[in-house]
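Let's take a walk through this structure, one side chain at a time. Have the viewer open and follow along.

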Amino acid sequence: MGGKQVGQRRTAQREAIMNVINATDGPLTVEQIRDRASKKSPNLGIATVYRTVKLLLDGEQIHAVILPDGETRYEAADLDHHHHFRCRGCNVVFDLPGCMMPIPEGTALPGGFCVEDHEITLFGTCPECTASNSPA
């Protein structure tokens with residue numbers, strides 16, 4: 001687990017939460033983290049997940065992904081710059097490899113805007129939902 005030390009001891013529950021976040025192919029909600037981590041730590045409560053997420057954010061081990069609809073999800077902080085795809089069928093958010101719009105920091109845009117960073121979320125149907133909706 002990279003990032004800053006947060007002055008907290010490692011527990012089985014924290015380890016299970018971080019393992020879930022590291023093993024996913026896209027950012028997760030707190031509820032999704034709890035559901036997946038509770039398979040390794042059955043007595044894991046939602047309050048513990050919220051506290052642990054805050055500790056991991058403070059320790060810069062994870063970061064928040066705020067989707068265009070305002071929903072917050074979490075992913076490992078050590079990932080390279082990438083964008084996301086949200087399936088309208090299953091509502092899963094996937095990581096997309098690389099950057100489709102390599103806009104360098106400091107790029108000047110018309111109207112006097114200066115780019116500092118960017119995030120892109122694409123919407124559509126994932127391969128699994130596309131296949132399940134295809135006529136046989």
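With 0% relative accessibility, His-83 falls in the buried class. Keep in mind as we go that this is a predicted model. His-83 sits in strand 3, which covers residues 83–87. So who are its neighbours? Leaving aside residues up to four places away in sequence, His-83 touches Phe-94, Asp-95, Leu-96, Gly-98, Cys-99, Met-100, Met-101, His-118, Glu-119 and Ile-120. One of these, Ile-120, also takes part in a polar contact: its backbone nitrogen is 3.1 Å from the side chain of His-83.

Next, the cysteines. How many disulfides does the model have? The count is zero. The cut-off here is 2.5 Å between cysteine sulfur atoms, and Cys-87 shows how it plays out. The closest cysteine sulfur to that of Cys-87 belongs to Cys-129, and at 3.6 Å it is too far for a bond. Cys-87 is buried, at 1% relative accessible area. Cys-99, one of the residues that His-83 touches, is partly exposed at 29%. Its sulfur has its closest cysteine sulfur in Cys-114, 16 Å away, so a bond is ruled out by distance.

Now for the charged side chains. Searching the whole structure turns up five salt bridges. One of them pairs Arg-34 with Asp-35, at 2.9 Å from N to O. Both partners are partly exposed: Arg-34 has a relative accessible area of 25%, and Asp-35 has 42%.

Another salt bridge links Lys-54 and Asp-58, with an N to O distance of 2.9 Å. Where do Lys-54 and Asp-58 lie? Both are in helix 3 (residues 46–58), four residues apart, or about one turn of the helix. That spacing fits a general rule: an α-helix has 3.6 residues a turn, so residues three or four places apart point the same way. Lys-54 is exposed, with 51% relative accessible area, while Asp-58 is partly exposed at 41%.

Strand 3 comes back into the story with Arg-86, whose side chain meets that of Glu-71 in a salt bridge of 2.8 Å, N to O. Arg-86 lies in strand 3 and Glu-71 in the loop between strand 1 (62–66) and strand 2 (72–76), so this pair ties together parts that are 15 residues apart in sequence. Salt bridges with shared partners also join Asp-69, Glu-71, Arg-73 and Arg-86 into one network. Within that network, is Arg-86 buried or exposed? Arg-86 counts as buried, at 6% relative accessibility, whereas Glu-71 is partly exposed at 23%.

Finally, turn to helix 1, residues 12–23, for a quick geometry check. At 1.5 Å a residue, its twelve residues should span 16 Å, and the C-alpha atoms at its ends are indeed 16 Å apart, so the two agree. Which residues of helix 1 are buried? They are Ala-16, Ile-17, Met-18, Val-20 and Ile-21. These buried residues pack against helix 2 (30–37), helix 3, strand 1 and strand 2. Helix 3 is familiar by now as the home of Lys-54 and Asp-58, and strands 1 and 2 are the ones on either side of the loop that holds Glu-71.

Note on methods: Residues numbered from 1 in each chain as written. Predicted model: local features only at pLDDT ≥ 70, side-chain atom pairs only at ≥ 80, totals over all residues. Heavy atoms only, no water. Helix = DSSP H or I, 4+ residues; strand = E, 2+ residues; numbered from the N terminus. Buried < 20%, exposed > 50% of the residue type's maximum accessible area, 1.4 Å probe, protein only. Polar contact = N/O pair within 3.5 Å; in protein donor to acceptor, adjacent residues only side chain to side chain. Contact = heavy atoms within 4.5 Å. Salt bridge = Lys/Arg side-chain N within 4 Å of Asp/Glu carboxyl O. Expected span 1.5 Å × (residues − 1).
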